[in-house]
Amino acid sequence: MTRVAVSGASGLIGSALRASLEADGHQVLPLLRPGRPGHGIAWDPERGTIDARALAGVDAVVHLAGEGVAARPWTQRHRDAVLSSRVDGTTLLATALSGLDRPPHVLVSGSAIGYYGTRGDELLTEASTAGHDFLAAVCVAWEEATAAAQAAGVRTVHVRTGMVLSSRGGALGPQRALFRAGLGARAGRGSQWLSWIHLDDEVGAIRHALEHDGVAGAVNLTAPEPVTNAEFARAFAGSFGRRARLVIPRLATLAPFGVGPLVDSLLFASQRVVPEVLARTGYGFRHPDLGEALASLV
């Protein structure tokens, strides 16, 4: 692995991955939309164009681009953008790779544990079936959109990412000030399962997928020990020397204008996911324990 093309290279995960790869001497070529500064590979998923010639000679591709799921309330317009940004971009990239005389060895393409839907206490591995809600449908279509690359013989990995913990933003960003001020809260009874991963391990697991030929298909990017919502609230508050005394009522899921469905998906979905493939292929987590992971960030 020497030349790696990365979409979403300016995002939370993409920028950390780029820094890690470049620190080890790999050349990273970001996929750049029109008007974005810098040197890389030009592409425009909305118009269906990509500079396929610039992809020639690339050894690996990591595809992370997509409209932010929680960027705004779940209006129909935003739902359509979430779906199309993933399916159209992935289809464009996979088709371009399949047309190369020498395709890259591996494509690591983004996905999410939303694939499983909300499943209560059920233990979920990569072999578990897909759910039936909006995010599950998005993830299924997102993964299927890599078909052209797989048909061309490119080893393809679908990284199903859980909640990423980082001091630079992500899921913890909007909550940090509240928990530091002692205003942290669990959602409802807090019995729903939350599957998380530290940003260091998100990057490490993606690199593991890039570098290990035996890794293909779905890979859960979550820490080995999922926790309940109440346990997470308690641990996060504890990292600031506080207690999580408040409760977000289930009635919040009835809020209008697309806010309710977003709250329901982010706070009340229950996904007890374990990284079976990473364990089987020898990935060693740097932050397997939630308390230690949060302490490293706070």
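A salt bridge is taken here as a side-chain nitrogen of Lys or Arg within 4 Å of a carboxyl oxygen of Asp or Glu. In this predicted model, a search of the whole structure returns twelve such pairs. One of them joins Arg33 to Glu46, with a separation of 3.1 Å between the closest N and O atoms. Arg33 sits in the loop between strand 2 (27-32) and strand 3 (41-44), and Glu46 in the loop between strand 3 and strand 4 (49-50); the pair links distant parts of the chain, 13 residues apart. Arg33 is partly exposed, at a relative accessible area of 26%, whereas Glu46 is exposed, at 62%.

A second pair, Glu143 and Arg160, has its closest N and O atoms 2.8 Å apart. Because Glu143 belongs to helix 4 (residues 134-144) and Arg160 to strand 8, this salt bridge ties together parts that lie 17 residues apart in sequence. Both partners are buried: the relative accessible area is 9% for Glu143 and 3% for Arg160. Asp24, Arg207 and Glu211 are joined into one network by salt bridges that share partners.

Within helix 1, Arg18 forms a salt bridge with Glu22, the closest N and O atoms being 3.1 Å apart. The two residues are four apart in this helix, so about one helical turn separates them. Arg18 has a relative accessibility of 29% and counts as partly exposed; Glu22, at 38%, is also partly exposed.

Strand 8 (residues 155-161), which holds Arg160, is largely enclosed by the rest of the structure, because seven of its seven residues are buried. Arg155, Val157, Val159 and Thr161 point one way from the strand, while Thr156, His158 and Arg160 point the other way. Strand 8 pairs with strand 6 (residues 106-112) in the parallel sense over seven bridges, and Val106 stands opposite Arg155. Strand 8 also runs parallel to strand 14 (residues 217-221), to which five bridges join it; here Val157 stands opposite Gly217.

Val157 is also among the residues with the most contacts inside the largest nonpolar core, together with Val62, Val108, Ile206 and Leu221; this core has 29 residues. Elements giving two or more residues to the core include strand 1 (3-7), helix 1 (12-23), strand 5 (60-63), strand 6, strand 8 and strand 14. Helix 7 supplies the largest share, six residues. Apart from neighbours within four places in sequence, Val108 is in contact with Val61, Val62, His63, Val157, Val159, Ile206, Ala209 and Leu210. A second, separate core of 19 residues includes Leu55, Val58, Ala149 and Val154.

An open sheet of three strands has the order 10-9-13, with mixed pairing. Strand 10 (169-170) and strand 13 (196-198) are its edge strands, each pairing on one side only. Strand 9 (residues 163-166) pairs with strand 10 in the antiparallel sense over two bridges, and Leu165 has Gly170 of strand 10 as its bridge partner. Helix 11 (residues 290-297) lies across strand 9 and strand 13, and runs at about 45 degrees to strand 13.

Helix 3 (residues 76-98) comprises 23 residues and spans 33 Å from its first C-alpha to its last, close to the 33 Å expected at 1.5 Å a residue. Its buried residues include His78, Val82, Ser85, Arg86, Gly89, Leu93 and Leu97.

Notes. Residues numbered from 1 in each chain as written. Predicted model: local features only at pLDDT ≥ 70, side-chain atom pairs only at ≥ 80, totals over all residues. Heavy atoms only, no water. Expected span 1.5 Å × (residues − 1). Buried < 20%, exposed > 50% of the residue type's maximum accessible area, 1.4 Å probe, protein only. Pairing = 2+ DSSP bridges. Core = buried A, V, L, I, M, F, W, Y, C linked by side-chain atoms within 4.5 Å. Contact = heavy atoms within 4.5 Å. Axes fitted to C-alpha atoms, helices over the stretch in contact; angles between N-to-C directions.
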